[in-house]
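Colleague: I'd like a close look at one part of this model, please. Pick the sheet and whatever packs around it, and take your time.

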Amino acid sequence: MSVRRLAAAEVQPESFAFSKESEKKITFWMNKYPEDRKASAVIPLLWLAQKQEGWVSEPALREIAARCEMPYIRVYEVATFYTMFNLEPVGEHLIQVCGTTPCWLRGSDDLKAVCEKRIGKKGRGNVSADGKFSWEEVECLGACSNAPMVQIANKDGDFYYEDLTGAALEQILDDLAAGKPVEMGPVTGRKCSEPTEADVAVLADAELYDGSRAKPMPYLPNTPEAKAAEEGEDPAPVKKGRPARKPADADEAGGAVKSAPRKTAKAAPKAAAKPAAKKTPAKKPAAKKPATKKDAE
Ligand code: FES
């Protein structure tokens with residue numbers, strides 16, 4: 001992760017104040033935590049400051065430190081750690097283009113080319129001439145099945161635009177620049193991540209269910225019988241089509257072992273367990289008493 005620092009001093013504003021709208025939300029967040037734990041609200045307050053101004057300035061960090069009753073350096077640490085916070089002014093709409101493998105395979109290079117052409121060099125601080133846009137490349141945003149996609153962050157929120165093409169992204173940028181509402185989600189009209197082809201049919205072949213594909217398996221794979229059959233030899237016959245079994249405890253002649261050993265194995269532990277439990281307590285007192293008397297004499 002690259003080092004994240006606050007914007008240069010000449011970019012920083014003189015002061016910062018939360019708007020009335022933000023104040024209502026601050027009250028909501030502050031009320032979620034005990035009086036002596038105001039610092040717990042630091043991330044919601046940073047987020048509110050960013051939604052209000054588009055980024056978090058140093059005066060904003062100081063105001064938040066005062067509200068949360070925590071040292072300024074602690075707020076600074078949080079703001080510089082989380083990449084969701086913009087430490088410098090960005091365009092009105094911050095376009096985040098996913099460049100990770102699924103999006104890349106589905107054409108994210110086209111989206112990056114559109115951003116370069118329309119906005120300019122990538123990087124949050126590189127704002128378009130009209131102040132409307134800035135863009136950056138990010139890692140997977142978690143909408144891979146609808147690749148390629150972008151997230152567009154602005155005062156209204158952070159929204160995903162999916163199944164994009166270069167032309168579709170250009171249209172979105174046109175609409176945003178004109179102040180028109182843009183519908184979020186897949187631009188193809190598909191719902192969520194549903195299959196994109198109308199005629200997709202999975203497991204619809206009737207043969208899968210009528211038993212015609214089931215074939216008897218005369219031998220277990222990788223057994224001597226199966227190898228003999230593969231090599232054209234005549235393996236030992238198997239009765240009624242059942243696979244030949246050679247349990248680990250079968251005799252050397254290869255004969256099947258009947259169920260007798262299983263019964264023995266089950267019976268043995270029971271027979272051994274019962275007497276052991278009864279005899280042990282009876283023996284102990286008997287052995288101790290005479291020994292003690294003799295020793296005393
Ligand atoms: S790879 Fe782009 S959203 Fe996951």
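Modeller: What follows starts with the sheet, moves to the helices on it, and ends with another helix group and two backbone details.

Quick ground rules: this is a predicted model, so local features need pLDDT of at least 70 and side-chain atom pairs count only at pLDDT 80 or more, while totals for chains, interfaces and linings use all residues. Residues are numbered from 1 along each chain as its sequence is written, and side-chain values use heavy atoms, with hydrogens and water left out.

Now the sheet. Five strands make an open sheet, ordered β2-β1-β3-β4-β5, and the pairing is mixed. Strands here are DSSP runs of E with at least two residues, helices are runs of H or I with at least four, and both are numbered from the N terminus. Two strands count as paired if DSSP finds at least two bridges between them. The edges are β2 (133–138) and β5 (185–186), each of which pairs on one side only.

Take β3 and β4 next. β3 (residues 150–154) and β4 (residues 157–162) run antiparallel and are joined by five bridges. Along that pairing, V150 sits opposite Y161 and Q151 sits opposite Y160. The link from β3 to β4 is a hairpin through two residues.

On the other side of the story, β4 and β5 run parallel and share two bridges. E162 faces P186 of β5 there. To get from β4 to β5 the chain goes through helix α7 (residues 166–177), and this β-α-β crossover is left-handed. For the convention: a crossover is right-handed if, with the strands pointing away from the viewer, the path from the first strand over the helix to the second runs clockwise.

That brings in α6 (residues 108–118), which lies across β1 (93–98), β2 and β3 and runs at about 150° to β1. Angles are taken between N-to-C directions, from 0 to 180 degrees, using axes fitted to C-alpha atoms, for helices over the stretch in contact. α6 also meets α7: their axes come within 8 Å and cross at roughly 35°. The crossing is right-handed, meaning the near helix is turned clockwise from the far one by less than a right angle (anticlockwise would be left-handed). On the α6 side the contact uses D110, L111, V114, C115, K117 and R118, and on the α7 side G166, L169, E170, L173 and D174, where contact means heavy atoms within 4.5 Å. By class that is five nonpolar, one polar and five charged residues. Here Ala, Val, Leu, Ile, Met, Phe, Trp, Tyr, Cys and Pro count as nonpolar, Asp, Glu, Lys and Arg as charged, and the others, Gly among them, as polar.

For another set of helix contacts, look at α2 (residues 42–53). Its axis and that of α4 (residues 72–81) come within 11 Å and cross at roughly 65°, so α2 is roughly perpendicular to α4 (65 to 115 degrees counts as that, under 35 as roughly parallel, over 145 as roughly antiparallel and the rest as oblique). V42, I43 and L46 of α2 touch V75, V78 and A79 of α4, giving six nonpolar residues, no polar and no charged. α2 also packs on α3 (residues 58–67), at about 145° with axes 10 Å apart, and that crossing is right-handed. V42, L45, L46 and A49 of α2 meet A60, L61, I64 and R67 of α3.

Two backbone details to finish. Most residues other than glycine have a negative phi, and most peptide bonds are trans. E69, in the loop between α3 and α4, has a positive phi near 50°. The bond joining A147 and P148 is cis, with omega about -5°, and P148 belongs to the loop between β2 and β3.
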